[in-house]
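Open the model in your viewer and keep the sequence panel in sight. The stops below say what to select and what is there.

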Amino acid sequence: MSIEKTPSGWRVDAQPGGRGAKRYRKTFKTKADALAWLAWLTTQVNTDPDWKPKKKDARRLSDLVSLWHTHHGMNLRAGEDTHARLQAMCIAMDDPPADSFTAEMFAEYRAKRQKEGISAGGVNREHAYMRAVFNELRRLGLWKKENPLSSVRQIKQVERELSFLTLDQINTLLAHLSCSHDALLISKVCLATGSRWSEAEGLSTTQVRNGALHFSGTKSGRNRSVPITPELETALLAHAQTRGEHRLFVESYHTFRKAVSAANLELPDGQLTHVLRHTFASHFMMNGGNILTLQRILGHASLTMTMRYAHLAPEHLQEARVLNPLTRLESR
């Protein structure tokens with residue numbers, strides 16, 4: 001065994017198992033590091049003669065993402081889109097070796113994304129995607145180490161006020177949509193069932209039956225049925241007769257956008273067609289609807305999402321009026 005100074009540093013050349021055993025060579029910046037490694041190596045071999053150093057993992061972060069996609073992601077509804085997003089993240093982080101990917105690297109990437117104007121919700125979704133990659137590969141036995149993002153907390157988001165339309169605004173909007181039967185009926189479906197625009201726009205004739213709309217292929221992956229009035233069902237079936245196709249409607253998103261503009265409705269960013277879903281949920285609760293029923297109608301997997309509308313219920317926190325100490329004091 002020897003430690004010698006070389007132009008590149010202190011090189012260890014050792015056969016801790018004796019003559020004929022495996023030879024180990026490694027170079028260090030300092031002699032102290034070389035001595036420490038030699039002592040550690042000797043202990044490992046003396047403790048277990050069959051010990052071998054772990055092979056270096058040559059995979060890069062993008063390789064893990066591809067592995068995740070092959071074994072899991074491709075089976076998800078949004079698997080292709082998520083895979084593309086993950087690969088873009090790898091490129092933006094210079095695709096580091098998987099072994100050296102750290103929470104600090106991701107934190108730096110996240111800070112850069114925020115400076116570029118990406119919202120807290122956007123970077124939190126990216127965080128969730130990458131963390132899920134390591135979690136799934138660990139479950140499959142394809143990643144042995146800890147998840148490098150397991151201790152990274154998501155950015156706290158300020159809850160946005162969800163806008164909804166008043167009855168007068170709804171009436172004005174529908175009037176501006178009257179020039180397009182497709183856009184008008186799609187909007188009425190959203191207002192009557194709380195469906196997303198894409199769910200309503202993608203309806204087929206077979207999904208209108210028995211006094212209800214039957215939604216499938218939804219964002220949550222769950223099928224759901226929502227009752228509708230006979231008048232709306234009749235209008236939809238009559239429209240289907242004029243179409244003569246399996247799909248009820250033509251694409252009408254841009255028509256809706258123009259109608260919103262013509263009606264002078266000011267909506268928050270990202271809540272264009274979604275305002276119809278918020279409007280249904282808000283009026284449902286203001287009219288005394290049950291929060292658990294609303295959850296089933298909207299198809300929310302978690303009640304947490306639906307609770308955003310709870311404060312609109314007429315009885316919401318009304319106990320605060322009578323159970324507070326000031327009221328009790330004044331009633332004495």
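Select threonine 229 to begin: this residue is partly exposed, because its relative accessible area is 42% (buried means under 20% relative accessible area, exposed over 50%, partly exposed in between, with a 1.4 Å probe and protein chains only). The model is a predicted one, in which local features need pLDDT of at least 70 and side-chain atom pairs count only at pLDDT 80 or more, while totals for chains, interfaces and linings use all residues. Residues are numbered from 1 along each chain as its sequence is written, and side-chain values use heavy atoms, with hydrogens and water left out.

Threonine 229 sits in the loop between strand E6 (224–227) and H9. Helices (H or I, at least four residues) and strands (E, at least two) are DSSP runs, numbered from the N terminus. Add phenylalanine 215 to the selection: the two residues are 14 apart in sequence, and their C-alpha atoms are 16 Å apart in space.

**Helices H7 and H9**

Next, show helix H7 (residues 181–193) with helix H9 (residues 230–243). Two packed helices are described by the angle between their axes and the distance between the axes. Here the axes come within 11 Å and cross at roughly 150°; axes are lines fitted to C-alpha atoms, for helices over the stretch in contact, and angles run from 0 to 180 degrees between N-to-C directions. H7 and H9 are therefore roughly antiparallel to each other (angles under 35 degrees count as roughly parallel, over 145 as roughly antiparallel, 65 to 115 as roughly perpendicular and the rest as oblique). Their crossing is left-handed, a term used if the near helix is turned anticlockwise from the far one by less than a right angle, with right-handed used if clockwise. To see the contact (heavy atoms within 4.5 Å), display side chains including Leu185, Val189 and Ala192 of H7 and Leu232, Leu236 and His239 of H9.

**Helices H6 and H10**

Move to threonine 172, which lies in helix H6 (residues 167–177). At 33% relative accessibility, threonine 172 counts as partly exposed. Measure from its C-alpha atom to that of methionine 130: the separation is 44 Å, for 42 residues along the chain.

Now add helix H10 (residues 253–262), whose axis comes within 9 Å of that of H6 and crosses it at roughly 125°. H6 and H10 are therefore oblique to each other, and their crossing is right-handed. Leu173, His176 and Leu177 of H6 make the contact with Thr255, Phe256, Ala259, Val260 and Ala262 of H10.

**The sheet E1-E2-E3**

Go to the three strands that form an open, antiparallel sheet in the order E1-E2-E3. Two strands pair if DSSP finds at least two bridges between them. Strand E1 (2–6) and strand E3 (24–28) are at the edges, each with a single partner strand, so one side of each has no neighbour in the sheet. The twist from one strand to the next averages 20°.

Zoom in on E1 and strand E2 (residues 9–14), which pair in the antiparallel sense over five bridges and form a hairpin with two residues between them. Lysine 5 stands opposite tryptophan 10 in E2. Helix H1 (residues 31–47) packs on the sheet and touches E1, E2 and E3, with its direction at about 155° to that of E3.

**The cysteines**

How many disulfides does a search of the whole structure find? The count is zero, a disulfide being a pair of cysteine sulfur atoms within 2.5 Å. Cysteine 179 is in none, and the nearest cysteine sulfur, that of cysteine 190, is 17 Å away. Cysteine 179 is exposed, with a relative accessible area of 70%, whereas cysteine 90 is buried at 1%.
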